[in-house]
Each structure stands twice: as structure tokens, then as C-alpha cells.
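Subject: Structure handover

Hello,

Here is the structure I promised to pass on. Please open it first; my notes follow below.

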Amino acid sequence: MKVIVAECCGFCYGVRRAVDMALNASKDRPCATLGPLIHNPQIIADLESKGVICKNSLSEFSSGDTIIFRSHGEGPEIYKEAKKMNLDIVDATCPNVKVAQNKAAIASKDEFYTVIVGEKNHPEVKSILKWAGENASVIEYIKDIPEIPENAKYAVIIQTTFELERFEKILEALQRERPGEYRVERTICRATAERQAAALQLAEETDAIIVIGGRNSANIRHLFDIVSARCPMTYHIETASELRPEMFRNCTKVGITAGASTPDRLIKEAIVVMENMENKENMENMESFESMLAAAEDVSVYPGKIMEATVIQVDRDGVYVNFGYAREGVITYSEWVAGGTADDLMDKIQKGEKVEAKVIPGSSKDDFVRLSKIRADREAAWKNIEELPEGEKRPVNVKVLRIIKNKAKNIVGLAVAVESVEGFMPASHVELRRVEDFTCYIGQELPAEIIEVNLEKRRIVVSRRDLLKAEREAKAAAWRKAREQRIQAAREARAAAEEAAYDAIEEGTIVTGKVLKIVDFGLFVEIAPHLVGLVHNTELSWDRSVKAEDAAKVDDVIQVFIKKIDRENRRVALSIKATQEDPWKVEAAKFHVGDIVECTVTRILPFGAIFRINEKLEGLVHISEIAAEHINKVEEVLTVGQTVMAEIIKTDLENKKIGLSIAKAKKIAKRLNMSLI
């Protein structure tokens, strides 16, 4: 088994500085820290052996005593009280914490409402809050945002050991729910960020990870949380004595990382123990390690171990369980089920219920061992995950848990709950289009397909792309089919309506129609639903000079005469002219046979001449009716434009003909002794 140590781990500058300051102060005088100098029980015990004790309040100090302010810092009122008590102050506050305190004080002076993102009960956060003054609050989770009052200006400061990715999510939600001017101070310790990045890199290269550090250390808890999310076989220990061979079964590479408050000697001890675990001779020299392990199995507890537990009490703080250990365990509702709350679960969880739970870092205020049912369920769920044959996919429903970003803070995808474990959905596989804001997907249940399963690396990749493509194609096909059905239905309805309309009309009748279109050769008029006929230019008016655009306008309702119905070719000939009285006949009816009229020659014909009686009427004088005597040519007697008197000798209204006689008119004039020409 190969042991690999993270590139960045162990003591950071601030911790080392605090320890050195405490040791130097103890060389020439008694001294004590106000609270634990750092969150590492081994270092605290070592300091006490060298004369640096720990006191919990100022009341335990006397005038002239040397007081060491711990690396997490103190509020301004502690400085004032210590000076008032005439205490010799050794300020071991981490420089990074000092920066955060100063930025909080400046924000308060500049009238910003200060929001500190971090663990509410952490001493560093409490000290920063004191420097921020009255207009300040602490939020640890997104659900705490409603506690922040509305304000015009906000200053946001991060706990130096907080997880940066988690901070960015909280900040994004805060800016969305509390809009305003923002001053964001990313005061996270560089050493913390480096250790988290190095640990994540190590998790990609190893089968298991050991996180070494105090269980009361925030940076250790955050380190464990982010690494365990990447590597399921992650264990939190304080010392090498907690290491067990069972942690590394079937492992070829094991990584070691440690928090900023973990001394190098604890890391070295863990390396030695792990490297000797495969040496059988050393195992025998360790008083039969396996037999000792079996004897201690019932009481061996370490972060990452799966325990069988029995529910003994349920209250609003969580579920308390007995799992055969000296201390009882507690499972918070959020660790019982994702998003769980007391209101949802208190009445559903019964005393005596058996559960499997995973030991997780840290202890509650009552020193119960912290356990997680969710994480144990995930471990068990992986055993039921089936391999995915190459080239195949598996349909599944997933629930979106959170957004995943890379080191550059770019969104790379979504963490999803799939088949009772956590899987990954790449950002490009969420939708077919580019998505700018993934926030709305959190908590949603989505249909997807598993496209990759790697049981060794505990990795499941899901995608929605092919499903969405198929859905899009199905919708398009359904739309095309529906459109064709609508078109066909419209055609059939039109044909039926047209057929009914043809049955309802008759040639020679007058009907009402609506002008639909005007063209060069006439008007298209709808005389029934879906039945359109044509009024040709020749049928627009008795006046041949009238054009289509002069006869009517689009949407005009007019009377038309049905001249002809051609059912075979689906054509109907219409006429406006036929609905009107013929002006020629009207005018001609005013004249009778025997009337003498004055008329003018308009045309000379071989067999006679055409005379204009008035603007609307013309008549014909046959060559035999021009003169009493025989003439050979009309031109011998008449010229175009000549005006004469003629008698109407014939009216044929049906054929629009009027016969005239100049000779008869002359006889009448002669008889009456009148001159007609």
C-alpha cells in the first residue's frame, strides 16, 4: 500500500506563530491562554506540560498576569477589560483573522451592514462580530438569509477557515435575496484554500484519504466534508492510534492530509503506522494486532465507520441513538434525510427503530458522537449500483442537489441524487441550449439517463441530452402530424362547404357576395362559404370603360348575378352588369316608331349610315331609306358629322337596334311643307 501525503498540509503560518509566541512567553514567566490557543487537543496538552495553561474567562486572571489571546482573536471589549485589569497581553491572533476584524470595523465605520459568513459558534466568527458592532449578523447557511435585515449597503466577510465554494453559494443567494451595494471581503486564509485544493487533488489519485486533526477544529471539519464528497473512503482521526487495517482493505494508494492546526509529528506518526500495517512481523510485535482489533471492535469509533444503531430518543434537536459505544450518538434531521426537518420527521421516527449510520467529525454541545444516516445509506446504496454495459444507457429519475463549480469558479455541472447515491450531470447535458443560471434546477426532479458508471471511483454520470433530443423530435413529429390533420380537416371541411354551396346556388339568380380580391381582369367574389366566383371586366358595368378597381373595393358587399356554374372545373361566372337595368333599353324606351328625331352621322357603311340619336343611342339608316330615289353610294348624299332629321321606323329592344329613315321624314316634311336638311 502506497502512502501519499498532500502537498500542502499541517501547521500554517498563523498557528505556528501562535504556538511559538506562547512558548516564548512561558520561558521567563507564568502565562495562560484565554480559551484554547488553537483547536488541537494534542498541542494544548503539550503547551500545558510546558507551563502554558488554558483559562476560560478573564475572572480567572489577576493583575499583572500574562494573558495570551488565542489565534482565533478576541473582541475589542476584551482588550479594554484586560488593560483595565493591568494584564500583560501577548496577542497571538492570526494575522488573517486580524485582517478580517479590521475590515469588519472599517465596514461598520462606513455605515455598511456587516454580514459574516461562517460558523455561528466559532470563536473566530464571534470575535469578528464584536469588531463589526451592532449592525452585523452571522449566517452559516443559505436558510439563515431571511434573518438579515434589508439595507442599502452590505459588507460581506468570510470566516478565514470557511469553505470557499460554500461561501460563493451563500453570497450568490444573499445578493439575490438582499439586493443593494456590496463590499465583499474574501478573507479566507490562503493556507486553508491551498490545503483544500491539495486535498481534493489527492482524492482524485488515491483510494482512501486520512484527515488528521482535532475534532473541534472548523478547518478540519470543512476539509473532511469537501474531501469525503470526492472520495467516499475518507476518515477523520486525531492521532495514529485510531488507524485500523479495515479502513484500507483493497486499497493500493492512501492519501494523508491535515488541517492548519495539526502538528507535523502527528502526520509522521500516521505515516509510520500505515506503512507498517502490511508488515506481518510488526503486526506480530504489536501483540497480535488483529486479535486486539477484534476485542476492541465494539468500542472502536472513528469518522467514516458505519455503525448499527438503535433509536432511543427523538426531540427537536435530532435523533439520539445507542450504538454500543461509551457515548450515545446523535443524528440531526438534515443528516437523517436530505432536507429533513423536525416538523417533517419527529412523528415518523420511532423509538427502537434500527438504522445504519456513519460516524462524522465533530461532537454536539452535549458531547454526543455525530452520526449520519444519509451517508451510511449512500455507502450501502453503492453496493446495489449495477455496472453499465459499454455503449448502453439506463433511464433514471434524478433530483438536483446543488451546483458544482471548478477551481476557477466556473459552473461545470450539477450534483444529483440518482439510484440513492450522488451522481454528476455535466452542465452541457442539462439542456440542449446554453444555461446561464442553474439555480432554478436545485430541488427539481428530472428524467435523465445514466451514461457512465465507475464503481471503483464511485462515479455516476447522467445526461438529459438524448432524452431532450428525442422529446424535441417527438414534439416536432406530433406537431407536423397535427398540422397535417388540421390541413386535411380544413380541406375536407372546405370541400364539404363548397359542395353544399354549389348545391345551394342556381344559374340565373341574384345573390349577395363579398369582394375578396381585385385583379386586372375582374373581381373575385365569395358568394358562399368557400365558394368564390369571378366577375370578369366585361361584366362589371354596362359602361365598358369601368375598371375593376372602380367597380368595388375589397370587403365590399355587392349583388351579383350567377351567369354560369361549371361544376366540373369548379368555376362560377358572375355579373354585376346583369343586376342592373340596361341603360340603352331605358333610353330607347323613350322613343317610339314614327317619332322624328334629329341625329348626326357617325359612320358611313356600304349599306347605309350610323346616326347618333343622343349620347346613349345610335340608329341605322339603310341606303334604301336615305332618299326617295335610288342612290349608288351613301357618300353621294351624306358625310360624317352631317345632321339630319329622320323618322324612327323600327325599335328592337331585345337586339338593341333602332331603324331610321331620312326619306320618310322628308315625305312628312314635304307634306307639312317643312325643310329637314
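**The β26 hairpin and its other partner**

Strands β26 and β27 (residues 571–575) are paired antiparallel, with 5 bridges between them. This is a predicted model, so please read everything here in that light. Asp 566 has Arg 571 in β27 as its bridge partner. The two strands, β26 and β27, make a hairpin with 4 residues between them. In that turn, Arg 570 has a positive phi of about 55 degrees.

β26 (residues 557–566) also pairs with β23 (residues 510–519). That pairing is antiparallel too, and 5 bridges hold the count. Here Lys 514 is matched with Val 557 of β26 as its bridge partner.

**Overall form**

The protein has 18 helices and 32 strands. Its radius of gyration is 52 Å, whereas a compact globule of 677 residues would come out near 26 Å. Along the principal axes, the C-alpha atoms fill a box of roughly 170 × 60 × 45 Å.

**Sheet β3-β2-β4-β5**

This is an open sheet of 4 strands with parallel pairing, in the order β3-β2-β4-β5. Why does one side of β3 and of β5 lack a neighbour in the sheet? β3 (52–55) and β5 (88–91) stand at the edges and each has a single partner strand, so one side of each is left without a neighbour. From one strand to the next, the twist averages 35 degrees.

β2 (residues 31–34) runs parallel to β3, and 4 bridges join the two. Within that pair, Ala 32 stands opposite Ile 53 in β3. Helix α1 lies across β2, β3, β4 (66–69) and β5. Its direction is at about 150 degrees to β5.

**Sheet β1-β12-β10-β11**

Another open sheet of 4 strands has the order β1-β12-β10-β11, again with parallel pairing. β1 (2–5) and β11 (234–237) are the edge strands, and each pairs on one side only. Neighbouring strands are turned by 25 degrees against each other on average, direction ignored.

β1 and β12 (residues 253–258) run parallel and are joined by 4 bridges. Ile 4 stands opposite Gly 255 in β12. Two helices are worth a look here:

- α9 (residues 264–276) packs on the sheet and touches β1, β10 and β12; its direction makes about 165 degrees with that of β12.
- α8 (residues 218–230) lies across β10 (208–212), β11 and β12, and runs at about 165 degrees to β11.

**Cavities**

How many cavities of 30 Å³ or more does the structure hold? There are 3.

The largest cavity has a volume of about 210 Å³. It is lined by 20 residues, and those closest to its centre are Val 15, Ser 71, His 72, Thr 161 and Asn 219. α1 (13–25) and α8 each supply at least two lining residues. So both helices seen above on the sheets return here. By class, the lining divides into 8 nonpolar, 11 polar and 1 charged residues.

The second largest cavity has a volume of about 50 Å³. Its lining consists of Thr 192, Arg 195, Gln 196, Asn 219, Leu 223, Gly 259 and Ala 260. Asn 219 is thus named for the largest cavity and for the second largest cavity. α7 (190–205) and α8 each give at least two residues to this lining. The largest share, 3 residues, comes from α7. Sorted by class, the lining of the second largest cavity has 2 nonpolar, 4 polar and 1 charged residues.

**The second largest pocket**

This pocket holds about 410 Å³ of space. It has 18 lining residues, and the closest to its centre are Tyr 235, Gly 304, Ile 306, Glu 379 and Lys 383. Which elements give two or more residues to the lining? They are β16 (354–363) and α14 (373–383). α14 provides the largest share, 5 residues. The lining of the second largest pocket divides into 9 nonpolar, 1 polar and 8 charged residues.

Best wishes

Terms used: Residues numbered from 1 in each chain as written. Predicted model: local features only at pLDDT ≥ 70, side-chain atom pairs only at ≥ 80, totals over all residues. Heavy atoms only, no water. 1 Å grid on protein atoms, 1.4 Å probe; cavity = no way out; pocket = protein on both sides within 12 Å on 5 of 7 lines; lining within 4 Å. Points joined across faces, edges and corners; volume = space filled by probe spheres on them. Nonpolar A, V, L, I, M, F, W, Y, C, P; charged D, E, K, R; others polar. Pairing = 2+ DSSP bridges. Axes fitted to C-alpha atoms, helices over the stretch in contact; angles between N-to-C directions. Contact = heavy atoms within 4.5 Å. Rg over C-alpha atoms; globule rule 2.2 N^0.38 Å.
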